[in-house]
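Reader: Please take one part of this model and look at it closely. Start with its packing, then place it in the whole chain.

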Amino acid sequence: TYVIAQPCVDVMDKACIEECPVDCIYEGERAMYIHPDECVDCGACAPVCPVEAIYYESETPEEWEDYARINVEFFEELGTPGGSRNVGPIGKDHPAVAVLEPQGQ
Ligand code: F3S
Ligand code: F3S
C-alpha cells in the first residue's frame with residue numbers, strides 16, 4: 001500500500017484524491033489517510049502531491065516510517081467503507097497526528 005506521511009498534516013492539498021481510481025484516500029481533521037486494504041498500489045497519487053507526502057510503504061523516509069502504522073490504525077474503527085465518498089470527512093485524526101504542533105507554517 002501507499003502511505004500518506006507527515007508533510008500532509010495541516011496542508012491537505014487534496015490533489016491526490018482526484019487521481020485515485022478507487023477513492024481510498026480519506027479525510028481526517030488535519031491530514032489525509034490511505035486505506036491499506038483498498039489501495040491498489042496504482043501510484044497515481046504520489047507525484048501530484050505538492051509537498052511529497054505520499055510514499056510506497058517500504059520507501060517511506062525513515063523519519064516518517066511510523067506513518068505506515070498510523071494509516072493502518074486510522075481505519076481500525078472505520079473498517080473498510082469501500083470509498084471515501086461513502087463516509088465523507090472523518091472529522092478526527094490518528095492520535096499521533098492530533099498531538100502534533102501546527103505544521104506547514
Ligand atoms: Fe495531502 Fe498531498 Fe494529498 S498534501 S491531501 S497528500 S496532495
Ligand atoms: Fe489510490 Fe494512490 Fe493507492 S492513487 S490506489 S491511494 S497508490
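**Helix α2 and its surroundings**

Author: Helix α2 turns its buried residues toward three elements: strand β1 (2-4), strand β3 (32-34) and helix α3 (95-98). This is a predicted model.

Start with the helix itself. Helix α2 covers residues 66-74. Its buried residues are Tyr-67, Ala-68, Ile-70, Asn-71 and Phe-74. They span an arc of only 165 degrees around the axis, so they lie on the same side of α2. The spacing fits a general rule. An α-helix has 3.6 residues a turn, so residues three or four places apart point the same way.

Now the frame around α2. The chain holds 3 helices and 4 strands. From the N terminus, their order is β-α-β-β-β-α-α. Buried residues account for 32% of the 105 residues. Contacts reach far along the sequence: of those between residues at least 6 apart, 75% join residues at least 24 apart.

The overall dimensions come next. A compact globule of 105 residues would have a radius of gyration near 13 Å, and the chain's 12 Å agrees with that. Along the principal axes, the C-alpha atoms fill a box of roughly 30 × 25 × 20 Å.

Two ligands are part of the model. Around ligand 1 there are 13 residues, and the closest are Cys-8, Asp-13, Cys-16, Cys-49 and Ala-53. This shell has 11 nonpolar residues, 2 charged ones and no polar ones. Around ligand 2 there are 14 residues, with Tyr-2, Cys-20, Cys-39, Ala-44 and Cys-45 nearest. Here the classes are 11 nonpolar, 1 polar and 2 charged.

Next, the loop between β1 and α1 (15-19). Val-11 sits in this loop. Val-11 has 17 C-beta neighbours inside 10 Å, so it counts as partly exposed. Leaving out residues up to four places away in sequence, Val-11 touches Val-51 and Gly-104. Glu-63 is another matter: 52 residues from Val-11 in sequence, it is 18 Å away, C-alpha to C-alpha.

Met-12 lies in that loop too, between β1 and α1. With 18 C-beta neighbours inside 10 Å, Met-12 is partly exposed. Burial would take 20 or more. The backbone of Met-12 deserves a look. Its phi is positive, about 45 degrees, although Met-12 is not a glycine. Most residues other than glycine have a negative phi.

Glu-52 also has a positive phi, near 50 degrees, and is not a glycine either. Glu-52 belongs to the loop between β3 and β4 (54-56). Glu-52 is exposed, because 12 other C-beta atoms lie within 10 Å.

Then the end of the chain. Glu-101 is in the segment after α3. Glu-101 counts as exposed, because it has 7 C-beta neighbours inside 10 Å. Its C-alpha atom is 9.8 Å from that of Asp-10, although 91 residues separate the two along the chain.

How far can the prediction be trusted, by its own scores? The average pLDDT of the chain is 97, and 99% of the residues score at least 70. For the complex, the predictor gives an ipTM of 0.98 and a pTM of 0.97.

Back to the helix to finish. The buried residues of α2, Phe-74 among them, share one side of the helix. They pack against β1, β3 and α3.

Key. Residues numbered from 1 in each chain as written. Chains lettered and ligands numbered in written order. Predicted model: local features only at pLDDT ≥ 70, side-chain atom pairs only at ≥ 80, totals over all residues. Near = placed C-beta within 6 Å. Nonpolar A, V, L, I, M, F, W, Y, C, P; charged D, E, K, R; others polar. pLDDT = per-residue confidence, 0-100. Helix = DSSP H or I, 4+ residues; strand = E, 2+ residues; numbered from the N terminus. Rg over C-alpha atoms; globule rule 2.2 N^0.38 Å. Contact = placed C-beta atoms within 7 Å. Arc of directions from axis to C-beta.
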